[in-house]
Amino acid sequence: MYKQMKRAKLVKGKTVSQPDRDKETALIIDAEGNIIGEQSKPVHAKAQDDQGGGAPDEHPKQQRQTKHAAGRKLDHNTVIPDNFDELKQSLEATVGFNQSFDVVFREMVFGGQKTGIFYYNGFAKDEVLTEILARLSYASGERSSEKRDEHHYADLRTGSRHGGNVEDRSKRSEENERDTDSGARGRGVIGLFDEALIPHIQVKRTSKLKEAVDNVAMGGTAFFFEGQDEAVLVDAKTFPVRSTEEPDLERVVRGSRDGFVETLLTNVTLVRRRIRDPKLTLEIMQVGARTQTDVCIGYIKDICDLSLVEAVRDKIKQVQVDGVPLAEKQLEESIMGKGWNPYPMVRYSERPDVVSAHLLEGHLIVFVDTSPSVMILPTTFFHHVQHAEEYRQTPLVGSYLRWVRYIGIAASIFLLPLWYLIVSMPGLKPAGLDFLGPQKIAEIPLLGQFLIAELGIDLMRMAAVHTPTPLATAMGLVAAILIGDIAVKTGLFVNEVILYLAVAAIGTFATPSYELSLANRISRLLLLIATAVFQVPGFVIGCTVWLVFLTLQRAYNTPYMWPFIPFNAKAMYDLLVRRPFLAMTRRLSLTKTTDSTRQPQ
């Protein structure tokens with residue numbers, strides 16, 4: 001107490017120089033109510049406050065300057081101001097402080113050190129920050145104890161070395177106190193708060209204002225300190241997140257029920273839980289000048305082709321856009337550049353077990369924050385026709401399910417054009433299939449019936465997406481019974497058109513990849529129109545063009561129709577037959593893995 005009072009007298013007794021006359025001093029009070037220092041404030045700043053009545057009624061010239069500064073962007077080399085007034089002006093110009101209601105800069109005093117807590121209200125994790133503030137409330141005792149220990153040991157060292165009387169030791173004690181205070185105001189303050197006072201495991205220090213602002217924008221909290229040009233960043237954040245439920249598009253009868261969500265860290269954790277290999281590498285980067293969306297690429301370092309990793313990394317870094325609010329789809333178009341190609345060049349999955357299996361095969365995965373879908377690449381056409389259910393059953397049952405799915409996918413593409421060709425040219429009917437074809441003629445031509453029914457199915461599918469679940473069943477009954485039955489009874493449609501179109505639609509819904517099913521639907525329509533216009537040549541040429549088009553597609557130097565074209569017998573056998581798990585001893589040659597052995601001997 002005596003030292004604190006003595007320091008207050010020394011501060012009050014300083015000679016005021018000419019520059020200091022233009023400043024107004026504000027006393028600094030410690031936790032016990034003692035004066036421990038002064039803070040200078042320019043007189044003209046006070047005059048502006050008195051004339052303008054505060055920030056809401058500031059001078060028009062200052063308002064114009066503030067509006068002009070609002071468009072300023074932070075530079076990577078911008079340092080953190082050591083004055084809170086300048087710091088708040090920078091925050092007003094860059095992040096909308098005092099304009100956006102959720103931008104908070106809370107000023108508090110801990111151990112005599114003025115501290116500013118900067119965070120976004122919706123991201124702050126209340127429980128963690130409350131614990132941190134409770135710990136910081138002991139800062140006064142920590143700093144006083146630290147100073148007493150330093151003074152004590154300094155007196156012992158100087159006394160034992162130089163001896164001297166009490167007055168000399170008192171002078172040396174005062175000098176040590178001033179040195180300790182200056183050190184505490186410098187590097188020691190940040191170190192004390194970082195290493196001793198903030199009880200959190202994810203803490204880092206920075207001297208760059210942009211890094212602090214970006215960290216807060218990602219949900220963290222920044223602690224600034226008056227008189228310091230560094231900040232302490234605490235990763236105490238929370239996001240609105242749903243539970244890890246099984247994805248609707250990839251349901252299985254047996255297997256795990258968890259699925260990816262819209263939070264990047266949760267998705268990464270689900271994969272880490274399944275692959276505990278220390279070689280699993282997860283690199284994070286940001287895409288979008290405004291959204292700064294987190295993008296993470298994952299791979300197993302000693303399995304995945306590192307040239308593929310480098311190519312994907314460079315592609316992502318070259319994306320120069322203002323943002324990717326639609327997450328993985330916009331990023332895919334940015335790095336793949338497939339143009340008007342309807343077929344997917346990457347595979348999407350919302351299942352952690354599927355993504356983990358592809359990682360072990362040597363694939364690379366891409367997470368995008370705010371999206372539950374994970375990109376898998378490189379992929380081929382046949383990657384999109386596999387399903388996790390095949391590997392949850394015995395090899396024989398899994399092979400049977402795979403063949404049933406293949407037949408359904410083939411029917412969704414070729415059934416309608418082939419039936420139309422046989423019906424329109426009766427001479428092409430094989431023996432024993434004379435029953436094919438409509439028994440009566442409808443009012444609408446066959447091609448018109450197919451096109452109208454196709455559009456009707458797509459319309460019903462889109463309506464089902466926007467229809468509440470309790471009403472979806474009623475809508476299906478209306479579409480199936482009223483519209484379909486009445487259309488046939490009135491003579492607008494024939495029964496066989498409805499039948500074969502329903503079979504093709506079921507094959508479309510049986511396609512595991514939703515993107516592939518939509519692409520196959522467009523191909524079916526084009527083949528149907530080509531067959532109706534040019535008959536046999538149209539069907540043959542259309543199928544050939546379709547196959548050649550897919551063969552020419554490449555995803556990161558990977559043939560899209562592999563292993564069919566170019567042909568690989570072993571890999572083709574694995575596509576046709578679901579082999580037992582222990583029989584699959586080597587990885588796919590497609591991914592060019594560094595370690596191609598699944599079961600090292």
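**Exercise 1. Place lysine 210 in the fold, classify its accessibility and list its contacts.**

Step 1. Lysine 210 lies in helix α9, residues 209-217. Helices are DSSP runs of H or I with at least four residues, numbered from the N terminus.

Step 2. The model is predicted: local features need pLDDT of at least 70, side-chain atom pairs count only at pLDDT 80 or more, and totals for chains, interfaces and linings use all residues. Residues are numbered from 1 along each chain as its sequence is written, and side-chain values use heavy atoms, without hydrogens and water.

Step 3. The relative accessibility of lysine 210 is 16%, so the residue counts as buried. Buried means under 20% relative accessible area, exposed over 50%, partly exposed in between (1.4 Å probe, protein chains only).

Step 4. Leave out residues up to four places away in sequence. Lysine 210 then touches Leu74, Asp75, His76, Thr78 and Gln292. Contact means heavy atoms within 4.5 Å.

**Exercise 2. Do the same for aspartate 574, then find its separation from serine 399.**

Step 1. Aspartate 574 sits in helix α19, residues 569-576.

Step 2. Its relative accessibility is 21%, so aspartate 574 counts as partly exposed.

Step 3. Beyond residues up to four places away in sequence, aspartate 574 touches Arg402 and Arg579.

Step 4. Aspartate 574 and serine 399 are 175 residues apart along the chain. Their C-alpha atoms are separated by 9.9 Å.

**Exercise 3. Locate glutamate 86 and classify its accessibility.**

Step 1. Glutamate 86 belongs to helix α5, residues 84-95.

Step 2. At 43% relative accessibility, glutamate 86 counts as partly exposed.

Terms used. Helix = DSSP H or I, 4+ residues; strand = E, 2+ residues; numbered from the N terminus.
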